[in-house]
Amino acid sequence: MSSRHRLVLCFAILALLLAWASQAGASDVEGMAATLRGFVTDASDGQPIEGVNVVLDGGTGLIGGITDGDGFYAITRIPAGTYTVRISFIGYETQTPTLTLADGETRALSIELAPDEALMDELVVETERESGGARVTAGQQTIRPADIEVVPAPDVSADLVNYLTALPGVVATGDRGGQLFIRGGEPTHNLVLLDGMPVYQPFHVLGFYSAFPSDLLAKADVYAGGYGSQFSGRLSSVLDISTRNGNKKRYEGAISAAPFVSSVMVEGPVIRDVMSVMVSARKSVIEQAAALYIDEPLNYDFSDLFAKTHVKLSADHQASVSVLHTTDKGLLTNPASERTPEEIRWSNTVYGLRYLIVPRSLPILGEFLFSVSRLDTEIGPRDEPNRVSEVSGFNTEINLTYYAGATEVGYGFYLRAPELRTNLGGLYQNIDSGFKRLPKFGAYFEPDFAFGEHLKVRPGVAIQNIGNIGFHAEPRLRVVYERGLHQWSGAFGRYHQDLVGLNDRRDATNVFTAWTVPPNDRLPRATHALLGYRVTPRAELELSVEGFYKQMSDMSIGEWTSFPRLTTRVQPASGRAYGVDLRAEWRLPAFYAYVNYGWSNVRYTAQQETLELWYGSSTLDFRPPHDRRHQLNVVLSTNVAGFDVNMRWNYGAGLPYNRALGFDGFLLVDDFIDVFDAGDSRRVIYEEPYNGILPAYHRLDVSVDRTFEQKGGIDFMIQAGLINAYNRANLFALDLFTLERADQLPVIPTVGFKADF
Amino acid sequence: MRAPRLLLLLTCAVLLVLSACDTEVDPILGEDRPFSLYGYLTPAADTQAVRVFPITGELSTVIQAEIDAVVVSEDLTTGERITWTDSLTTLPDGEIRHVFYAPFRAAYDHTYRLTVTRSDGAQASATVRVPPQVTFTIEPANVTRFDIDVPLQLDAAPSFALSAYAQYETSTLPLVTMCDTPDPTFHKVRLPYDVDVGRQRGWRFIVDLKDDFGEVTRSFRDNNIRPNDRIFLQRIRFVVNVTNAEWEPPGGAFDIDALVEPGVFSNVENGFGFLGAGYPAEAVWRPAVDVLDAVGFFESRPIGPCQR
């Protein structure tokens, strides 16, 4: 069967499934069942509340639903009758309106829940179980601002990236560079979405910061693998971030100052209860503040600006517009190095519209997304960069969720057209650089079946057509079985990556990433499989274990060469990663501990043409430089004499690196050359690639903070901390050519101040 | 709160132990092999040369003027030993290199061992046999309506040949020679021939004069060398660069990105690099006048009074 025929067949199947979903929705309307749906928000600020139980009690049994991230719920197939609706969420006053539903009626019921101060202690325990360090289900973990804030950082405001780097299976390049490797994949294999808008490089050049301060976040869903059909285009992971909508009741804000970053945030109603706006701006002040007392070059400068407005157009329509702009520049090499220092700069510009619609007559939630995202990266002198990479393009999506009793069916369509411009200045010589466009469209279908009370099965398929490369289908499956204290979960999926990010891992200081189309029109692809178990033996204790396997093919990595240079060609490679993550979270009213351990084994197989000649084999297995075998994170938080004391200790086994036997010269004697005059080159006599192991990485960060509540609604927070408290000389990069090493940041004392008003 | 305290104590203990861990990293393992050397021995020159690099533990872009090396060659056929002299050669880019040389002509079919010795006794050496001499037989031209070919036959099969080419040595003058016409210009046009084709024919090469004439005139035109002049053929030099068998590159091609890997293209014992042996086997002739006329070349520079 040809590619075109398979495309037609798959789209035909998808169309049938969508037609079935629509018909099923129509039958609900035409039949005897009623539907109740609406939004649940916080009465104090108008924010949607996720996880609210909405239960109908008609005397003959209970029918219920749970709100999603937009606070939306839909309960379908309700027999006509009179019901008491119980709307409850821990920490909020429960509401119990009574209503009568007629045959075929669709009733909108949106509720504002008022916080219940008397239940706040209970909230501390229970809401943490909505997220939390050990709460992992089939690769997915939800992170909330409260989780992030217990991880020490050199800033009075918490940042999502500090929590991410405390996750097992996540390997960071350290405290600079902004590169995250998740379960064996490359940083460019991670899909980062901010309110549905793709952001190509959201992590700042200094590793403690990203474009996502915790103040902005409603939640972040991290899918370390096995993600569903709604997500496509990346091989490794998805970071799906939702920001808050902004306070619709009153104006509030925060201002902070610290040696690394200063920030300001303001939010409030433009039209009370209808329209809100939220603006956040952060700017690094390292060169002005931290550099004054740190005896080390700190050539980093970054900023981020985020603005969002959210409007309730009617009971069934909501819209939000978001804008994000980030800038970064920094010198990652040692300025005293013999090598010419190369400044790297990048900036993201992202803006988008999100429109939510609830049709009056159908049990469907519709989401329309339109966004434009752009990343400009360059390295070298500011006026004349040596290498430039630009990626930009629009993303249009329609996502629909159809509610049919206990089953939810997700389906949707997308159209994207990224454009790429590269000028690689000799890097990756066999890559066709210049301008490229890669239009693509696709659709997905993903029903979520509930079998009884315990078993949920979510099969799915995503079908995509990418430029001239053609079409492909990606099956996905997610299964969750929950019984009592125990939960078993598993996921499987196939994934393709449409844009390729090339980065030469031989030099850790070189974080320049060239985005391009897949070489030779071969899409990188991956298969994920994972299996997990979670148990909550006591209310304050949760344990989980998850094993994963990931197979990657048709990747592109830098070719190896014995010439002492980093400008080479790219070579095809495949890879596989497997491992296991163990997590334990222990919450007590005055004590919090989160301990996780990750063991993983990552191997890449290079397919450079010359390998047969060099090693007698057409392929070579090697440990890539992010293969961190053991990783241990300990996060402790307690309250001592009114002070919040947070501690994080991070241990990572040494990473592989290239070792050399020595250096000589190379002269190609390919003819009767003039031995006196012929040009030659210096040469590195390498061991086999990545046979060396760097020293282990470990670091202790500690912070102490206290909040002073003032009259007039202003709270002051003062924070003091130590980053790398015992001044461990963790290696960041080693220049094999000059034997110069660049270490991660030394011990850094910090003091920060924040005012919330 | 007993368990949290235990956890804290345990963490502190682990930290104390780990904070004492080594942070040093030594990426250079060291290499016992002392030298890399590059060059070839040839009977075609009266001086032999080899470039020598010491294998070091650091990548320096500047080669030191001093080198701890003694280079000695030994003719294993005759037992003659010669100590070579270091020349501190300066490359066009200003960098210096150690090229050792010796004033002798390598003998055909002799085997030589070149040894580079460091003062501590560490040695790198290469043994190479100079291929036996081969000669060409130039056969009469085959003149047909479309081709004019001159077959050249080697009298013995070489172990390997790097390349082959025909070099046309020409001069040019305008069609009409005036008294103020400048002197003729002399040009050598080198046209590559496929060694593999000749090898498959039993080391027989067919020089296609008519095709080559087209290439020569095209070369003149492309290089804007008095394109309207008459082209006089002084002689044809056909060369096959005959070498020892070890000079055949692994993988079949001189791909610098492949061959740069140490040890891949190397016959040096206890070192790296490559020492070859070979010479250009050549046939030199000038075709007969009628053949030249048929091809399009002029026979020789015209002699006669110039026109004023």
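Strands here are DSSP runs of E with at least two residues, numbered from the N terminus. The model is predicted.

**Exercise 1. Place E282(B) in its chain and describe its surroundings.**

Which strand of chain B holds E282(B)?

Step 1. E282(B) belongs to β17 of chain B, the strand that covers residues 271–285.
Step 2. Partly exposed means a relative accessible area between 20% and 50%. The value for E282(B) is 38%, so this residue is partly exposed.
Step 3. Neighbours within four places in sequence are set aside; the contacts of E282(B) are then F136(B), R237(B), F238(B) and V239(B).
Step 4. W203(B) is 79 residues away from E282(B) in sequence, and the C-alpha to C-alpha distance between them is 13 Å.

**Exercise 2. Examine R77(A) and D195(A), and decide for each whether it is buried, partly exposed or exposed.**

Step 1. R77(A) is not a glycine, yet its phi is positive, about 55°. D195(A), also not a glycine, has a positive phi of about 50°.
Step 2. R77(A) sits in strand β4 of chain A, residues 72–78. D195(A) is found in the loop that joins β13 (190–194) and β14 (197–198) of chain A.
Step 3. Buried requires a relative accessible area under 20%. D195(A), at 11%, is therefore buried. R77(A), at 44%, is partly exposed.

**Exercise 3. Describe the overall build of chain A.**

Step 1. Chain A contains 5 helices and 49 strands.
Step 2. Its radius of gyration is 27 Å, close to the 27 Å from the globule rule for 757 residues, so chain A is as compact as a globular protein of that length.
Step 3. The C-alpha trace of chain A spans about 100 × 70 × 50 Å along its principal axes.
Step 4. Of the contacts in chain A with a separation of 6 or more, 64% are between residues 24 or more positions apart.
Step 5. Of the 757 residues in chain A, 60% count as buried. The accessible surface of chain A is about 27,800 Å², and carbon and sulfur atoms hold 57% of it.
Step 6. Chain A carries 67 positive and 89 negative side chains; the centres of the two sets are 3 Å apart.

**Exercise 4. Locate the nonpolar cores.**

How many residues has the largest nonpolar core?

Step 1. That core has 51 residues, and W560(A), V669(A) and W247(B) have the most contacts inside it.
Step 2. Strand β35 of chain A (residues 541–558) gives this core its largest share, 4 residues.
Step 3. Another core, of 39 residues, lies apart from it and includes F208(A), I294(A), Y300(A) and L438(A).
Step 4. In soluble globular proteins, nonpolar side chains tend to be buried together.

Methods. Residues numbered from 1 in each chain as written. Chains lettered and ligands numbered in written order. Predicted model: local features only at pLDDT ≥ 70, side-chain atom pairs only at ≥ 80, totals over all residues. Heavy atoms only, no water. Rg over C-alpha atoms; globule rule 2.2 N^0.38 Å. Buried < 20%, exposed > 50% of the residue type's maximum accessible area, 1.4 Å probe, protein only. Contact = heavy atoms within 4.5 Å. Areas by Shrake-Rupley, 256 points an atom, 1.4 Å probe, with all protein chains shown as cover. Lys, Arg positive; Asp, Glu negative; His and termini not counted. Charge placed at Lys NZ, Arg CZ, Asp CG, Glu CD. Core = buried A, V, L, I, M, F, W, Y, C linked by side-chain atoms within 4.5 Å.
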